[in-house]
Amino acid sequence: MGQCVTKCKNPSSTLGSKNGEREAGSKSHSKRSAVHKDDHTSACGKSSGDILVNGTKKADAAVESGPPSVFSGDTKKDSVSSAEESSLQKIGELFRRYKDEREDAILEEGMERFCSDLCVDPTEFKVLVLAWKFQAATMCKFTRKEFFEGCKAINADSIDGICARFPSLLHEAKQEDKFKDLYRFTFQFGLDSEEGQRSLHREIAIALWKLVFTQNKPPILDQWLHFLVENPSGIKGISRDTWNMFLNFTQVIGPDLSNYSEDEAWPSLFDTFVEWEMERRKKEEETKCIMSSDTGGLCREEQT
């Protein structure tokens with residue numbers, strides 16, 4: 001979704017460029033536009049209430065008496081159909097507000113305006129969650145089908161309606177099974193489908209790991225990302241297997257890494273990481289010991 005989630009064609013994007021040559025940095029919109037008001041009634045507030053749930057007006061309902069009409073079932077169906085049609089029209093109007101002039105899709109520029117109208121930073125976790133619910137196949141883009149199906153999936157047909165759904169969507173993303181689905185979606189979402197990528201550029205993977213773990217950051221994440229930034233093994237990309245297995249890694253391996261075993265079926269990159277991290281910690285401890293000795297203190301070994 002371009003700057004709206006992770007990367008965009010602009011190489012100075014917060015989460016890196018499409019070719020992964022720039023590292024993720026921080027950038028946020030300098031502008032926040034007020035949320036557009038729909039011409040129709042807001043999704044979070046109904047009108048004065050002239051219409052009942054069965055589609056009849058209160059005035060008409062007041063004069064009805066006796067058993068329900070044999071046409072009541074058809075009336076209810078017609079009401080539901082009318083409501084669905086009205087909602088689809090609103091979704092269509094919303095889509096046209098942001099779609100590209102030449103392509104029947106919301107592209108980078110429209111995505112930025114969409115994020116601005118939602119009053120969200122394009123790099124926020126909320127936007128990734130929204131892309132997940134829309135099942136967007138490509139960054140920087142919402143196709144017509146993705147947008148329509150996504151809005152229907154979250155039961156929203158306006159800017160106000162989408163904003164009102166964010167709390168429940170964020171709560172849903174905390175559920176273990178849902179988060180696993182979101183996590184795996186994020187890898188596919190980060191690939192450049194036009195180039196036929198099968199692995200994530202290292203810089204893009206780092207940015208996406210930071211983003212997807214916004215709500216439930218594992219203790220080992222910072223050390224893992226530090227390892228990838230230092231890149232002692234010279235890796236250029238992250239495979240799907242490595243991405244998926246890292247979630248398992250964070251769930252079963254403790255932050256001290258003491259229960260990690262090379263004999264288990266972990267990707268070889270994890271073996272390199274654990275070895276590198278344990279060596280880094282050893283050197284850090286030795287440095288602290290030397291500094292402590294210089295000030296008359298005792299090293300951990302001397303204390304024991």
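Which residue's side chain meets that of Asp-222 in a salt bridge? Lys-217 is the partner, at 2.9 Å from N to O. Bear in mind while reading that this is a predicted model. Here are my notes, point by point.

1. **The Asp-222 pair.** Beyond the salt bridge with Lys-217, the thing to note about Asp-222 is its accessibility: with a relative accessible area of 44%, Asp-222 is partly exposed. The count of salt bridges comes to 10, and a few more of them come up below.

2. **Asp-104 and Arg-144.** These two form a salt bridge, and their closest N and O atoms are 2.8 Å apart. Asp-104 sits in the loop between helix H2 (72–98) and strand S1 (105–106), while Arg-144 belongs to helix H5 (residues 144–153), so the pair ties together parts that are 40 residues apart in sequence. Asp-104 counts as partly exposed at 39% relative accessibility, and Arg-144 is also partly exposed, at 30%.

3. **Lys-141.** Look in the loop between H4 and strand S2 (142–143) for this one. The side chain of Lys-141 makes a polar contact of 3.0 Å with the side chain of Glu-103. Lys-141 and Leu-107 are 34 residues apart along the chain, yet their C-alpha atoms are separated by 4.6 Å. As for accessibility, Lys-141 is partly exposed, with a relative accessible area of 25%.

4. **Glu-277, a buried charge.** Glu-277 is found in helix H11 (residues 268–294). Its relative accessible area is 0%, so Glu-277 counts as buried. Setting aside neighbours within four places in sequence, Glu-277 is in contact with Gln-223 and Leu-257. Within the helix, a polar contact of 2.7 Å joins the side chains of Glu-277 and Arg-280.

5. **The H11 network.** The side chain of Glu-277 also meets that of Arg-281 in a salt bridge (2.7 Å, N to O). Why is the spacing of Arg-281 and Glu-277 about one helical turn? Because they are 4 residues apart in helix H11. More generally, an α-helix has 3.6 residues a turn, so residues three or four places apart point the same way. Arg-281 is partly exposed, at a relative accessible area of 22%, whereas Glu-277 is buried at 0%. Salt bridges with shared partners link Glu-277, Arg-280, Arg-281 and Glu-284 into one network. I'd look at these four residues as a group rather than pair by pair.

6. **H4 against H7.** Helix H4 (residues 125–134) packs on helix H7 (residues 176–190) at an angle of about 90 degrees, and the axes are 10 Å apart. That angle makes H4 roughly perpendicular to H7. On the H4 side, the contact is made by Phe-125, Leu-128, Val-129, Ala-131 and Trp-132. H7 supplies Lys-178, Asp-181, Leu-182, Phe-185, Thr-186 and Phe-189. Sorted by type, the contact residues are 8 nonpolar, 1 polar and 2 charged.

7. **H8, mostly covered.** How many of the 11 residues of helix H8 (residues 202–212) are buried? The number is 10. Among them are Ile-204, Ala-205, Ile-206, Leu-208 and Trp-209, and the charged residues Arg-202 and Glu-203 are buried as well. The buried residues of H8 pack against H4 and H7, the two helices of the previous point. Their other packing partners are strand S3 (199–201), helix H9 (221–230), strand S4 (237–239) and helix H10 (240–252).

Conventions. Residues numbered from 1 in each chain as written. Predicted model: local features only at pLDDT ≥ 70, side-chain atom pairs only at ≥ 80, totals over all residues. Heavy atoms only, no water. Axes fitted to C-alpha atoms, helices over the stretch in contact; angles between N-to-C directions. Parallel < 35°, antiparallel > 145°, perpendicular 65-115°, else oblique. Contact = heavy atoms within 4.5 Å. Buried < 20%, exposed > 50% of the residue type's maximum accessible area, 1.4 Å probe, protein only. Polar contact = N/O pair within 3.5 Å; in protein donor to acceptor, adjacent residues only side chain to side chain. Salt bridge = Lys/Arg side-chain N within 4 Å of Asp/Glu carboxyl O.
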